[in-house]
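Biologist: Hi! I'm new to this, so please walk me through the protein on the screen.

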Amino acid sequence: MLKRLYSIFIEKRKGARWLPFLFILLSHISFGQMNLSGKSGLMYIPDALEVSDGMFSLGYNYNPVNYGLRSKGSNPERTLFANLTVVPRLDISFSLLQIISTNENKVKEALGDRQLDIRYLLMKEKEKWPSIAIALSTPFTIDAAMLTQVIVATKQFKLSENVGLEATAGYGSPYFLYRSEDNLTNSNIFSNMKWQKKSEYKFNNGYLTGPFGGVKLDYQKKAGLMAEWDSQKLNLGAYGIIGKRWTVQAGLLNFDQVMFGSSFAVDLFKPTRKIEKLYE
């Protein structure tokens, strides 16, 4: 992907009118919404949909106080994320999980939980078979409450010319590999690795631990309704596309509290028609 991007840049630069190439970042959208941790998915759960090479997304999600992953019942949280499909089948997401300070519970912290995840498509969707993917948090982090270690499958169905249905099911591992906080002085990122049971970890929040699943009903890939079981609770939600680049979504968690989010997606390899005209 990087070679393709570099070759495009050099070609435009030689034409002495390469500056508009920068506006490629304002092009094409991916017609999907992102889950809490910044992966293609519903509200909490990821899916196994194929994402085109070169797709880049930035986004924000709000997680309400009753379902905080680090501070349940104390403070709401926000997630800031970036996701890039590096090569076909493989995308990488970087997320920050931050506690939101309130008048009742003041919080002072630095960046928050930093997490790097990968999602790899093991099998593309076929006529009779779903797409299958694994999503894994890298084990280099020391302190994270949104760890993801799952295998997930998604199947798409066309109900009519304009209406489609996506069904997703998966399983989250009750164990994960991480860096122990013991004796980290002068250690490298591969040292002090150990297996940890999530229920015995300090963030015993049950996030994506055990079976999960969901369905999404969409109209022309521009708006839709969602329902999911995130391994802990039932969530209902909806999403919509604004201006061909901006996705907004909201959900009702456990019929109790509202979460919401937004993401902006661009295809780094598909410039807008206006940009293309500059070089015709």
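Modeller: Happy to! Helices and strands here are DSSP runs numbered from the N terminus, a helix being H or I with at least four residues and a strand being E with at least two. This is a predicted model, where local features need pLDDT of at least 70, side-chain atom pairs count only at pLDDT 80 or more, and totals for chains, interfaces and linings use all residues. Residues are numbered from 1 along each chain as its sequence is written, and side-chain values use heavy atoms, with hydrogens and water left out.

Biologist: Got it. Where does L252 sit?

Modeller: L252 belongs to strand β13, which covers residues 246-253.

Biologist: And why does L252 count as partly exposed?

Modeller: Because its relative accessibility is 31%. Buried means under 20% relative accessible area, exposed means over 50%, and partly exposed is in between (1.4 Å probe, protein chains only).

Biologist: Which residues join L252 in the nonpolar patch on the surface?

Modeller: W229, L234, L236, F255, V258 and F260 join L252 there, and together the patch has about 610 Å² of accessible area. Strands β12 (234-242) and β14 (257-267) are the elements that give two or more residues to it. Patch members have over 30% relative accessible area and no salt bridge, with nonpolar side chains (Val, Leu, Ile, Met, Phe, Trp, Tyr) joined within 5 Å and like charges within 9 Å. The areas come from the Shrake-Rupley method with a 1.4 Å probe, and for residues only the protein chains shown count as cover.

Biologist: You mentioned salt bridges. How many does the structure hold?

Modeller: It holds 10 salt bridges, each a side-chain nitrogen of Lys or Arg within 4 Å of a carboxyl oxygen of Asp or Glu.

Biologist: Let's take K39. What is its partner?

Modeller: K39 pairs with D117, and their closest N and O atoms are 2.5 Å apart. This pair links distant parts of the chain, 78 residues apart: K39 is in the loop between α1 (2-14) and β1 (55-63), while D117 is in strand β4, residues 113-123.

Biologist: Is K39 buried or exposed?

Modeller: K39 counts as buried because its relative accessibility is 1%. D117 is buried too, also at 1%.

Biologist: What does R119 pair with?

Modeller: R119 forms a salt bridge with D91, with the closest N and O atoms 2.9 Å apart. That pair also links distant parts of the chain, D91 in strand β3 and R119 in strand β4, 28 residues apart. D91 is buried, with a relative accessible area of 4%, and R119 is buried at 4% as well.

Biologist: What about K233?

Modeller: K233 bridges to D230, with 2.7 Å between the closest N and O atoms. Both K233 and D230 are buried. Elsewhere, salt bridges that share partners join E166, K216, D218 and K221 into one network.

Biologist: New topic: the backbone. What is the phi of R89?

Modeller: R89 has a positive phi of about 85 degrees, although it is not a glycine. Most residues other than glycine have a negative phi. R89 lies in the loop between β2 (77-87) and β3 (90-99), and at 29% relative accessibility it counts as partly exposed.

Biologist: And S231, what is its phi?

Modeller: S231 is not a glycine either, and its phi is positive, about 90 degrees. You'll find S231 in the loop between β11 (223-229) and β12.

Biologist: Is S231 buried or exposed?

Modeller: S231 counts as buried, since its relative accessibility is 11%.
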